[in-house]
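Me: Could we go through this one together, starting with how the helices pack?

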Amino acid sequence: MKLDDSKNKMTLQELIDTKNFINQLSVDCAIFGFHDNSLKILLLKYHELNLWAIPGGFIFEDEHLDDAAHRILYERTHLEDVYLQQFYAFGGIDRTEKNNPHRQLLANKGIETDKDHWINKRFVTVGYYALIDYTLSHTFPDAFNETCAWFDVHDLPEMAFDHKEIIEQGLEHLRKTLDYDIVGSNLLPEKFTMKDLQNLYEAILGEKFRRNNFQRKMLSLNILDRHEKLFSGSANKAPYLYSFKKK
């Protein structure tokens, strides 16, 4: 997908002055990674505020919803062609009232907006989740955010809006669809051991599996190709390497 860099990296004032966003609709992306046998979530910290959020943004009138999600993901990680899945729409009446960083940032910068300005209105947001290789991401703060960091999904900081709920919903959806979605994900390297795969499943599902039972289940799904052994010690104990079959 070729992304339009002309729409990236707006200043706060430029964002407020933009008039070609779809009113009261946004996109938020729960970006999951896997590291040290722990499922991580990529969060952004707002300038001068002790608030964190998942990467999100607004949708241009001439932009497809899915393209907006990919653009936002690219702005935060500079990764393209990443597995991205829409999973839920969040439309709570007061979802943007709690810990609203936009209003605080505007006040801190002395930028005044009318109460009817689009950024002050209620927003419905469409949730996407991305599954990326933790080691490949590079984060780039923008006009809103000063820091990007990975957090354990079970140990989150103070969150803006309803983003904690969005993360929880994204994780629940991932758990329900894991056997299918894992094939298109980038949570593991191209080649991995069965133990690596089991560690990932256990981190996402929050439960332990017997090794033989897990291996039997995964092989029965017919989603893996087996490769050479990974020799790092005793030859008779070397595990096979696997990769996901191409969709």
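Me: How do the axes of α4 and α5 cross, and within what distance do they come?
Reply: In this predicted model, the axes of helix α4, residues 163–181, and helix α5, residues 194–205, come within 9 Å and cross at roughly 140 degrees. Because an angle has to be over 145 degrees to count as roughly antiparallel, α4 is oblique to α5.

Me: And is the crossing left-handed or right-handed?
Reply: The crossing in which α4 passes α5 is left-handed.

Me: Switching to strands: in what order do β8, β9 and β10 sit in their sheet?
Reply: The three strands form an open sheet in the order β8-β10-β9, and their pairing is antiparallel. The edges are β8, at 192–193, and β9, at 224–229, each of which pairs on one side only.

Me: How many bridges join β9 to β10?
Reply: Four bridges link β9 with β10, which spans residues 240–244, and these two strands run antiparallel. As an example of the register, K229 has Y240 in β10 as its bridge partner.

Me: What about the largest pocket, how much space lies in it?
Reply: The largest pocket holds about 280 Å³ of space. It is lined by 13 residues, of which V183, S185, E190, F244 and K246 are the closest to its centre.

Me: What classes of residue make up that lining?
Reply: The lining of the largest pocket is mixed, with five nonpolar, four polar and four charged residues.

Me: Last topic, backbone angles: what is phi at N37, and where does that residue sit?
Reply: N37 has a phi near 60 degrees, which is a positive value in a residue other than glycine. N37 is placed in the loop between β1, residues 21–35, and β2, residues 38–46.

Me: And what about phi at F161?
Reply: F161 is not a glycine either, yet its phi is positive at about 50 degrees. F161 lies in the loop that runs between β7, at 145–152, and α4, the helix whose axis crosses that of α5 at roughly 140 degrees.

Notes: Residues are numbered from 1 along each chain as its sequence is written. This is a predicted model: local features need pLDDT of at least 70, side-chain atom pairs count only at pLDDT 80 or more; totals for chains, interfaces and linings use all residues. Side-chain values use heavy atoms; hydrogens and water are left out. On a 1 Å grid over the protein atoms alone, a cavity is a set of points where a 1.4 Å probe fits but cannot get out, and a pocket is an open set with protein on both sides within 12 Å along at least five of seven lines; lining residues have an atom within 4 Å of a point. Grid points are joined across faces, edges and corners, and a volume is the space filled by probe spheres set on the points. Ala, Val, Leu, Ile, Met, Phe, Trp, Tyr, Cys and Pro count as nonpolar, Asp, Glu, Lys and Arg as charged, and the others, Gly among them, as polar. Two strands pair if DSSP finds at least two bridges between them. Axes are lines fitted to C-alpha atoms, for helices over the stretch in contact, and angles run from 0 to 180 degrees between N-to-C directions. Angles under 35 degrees count as roughly parallel, over 145 as roughly antiparallel, 65 to 115 as roughly perpendicular and the rest as oblique. A crossing is left-handed if the near helix is turned anticlockwise from the far one by less than a right angle, and right-handed if clockwise.
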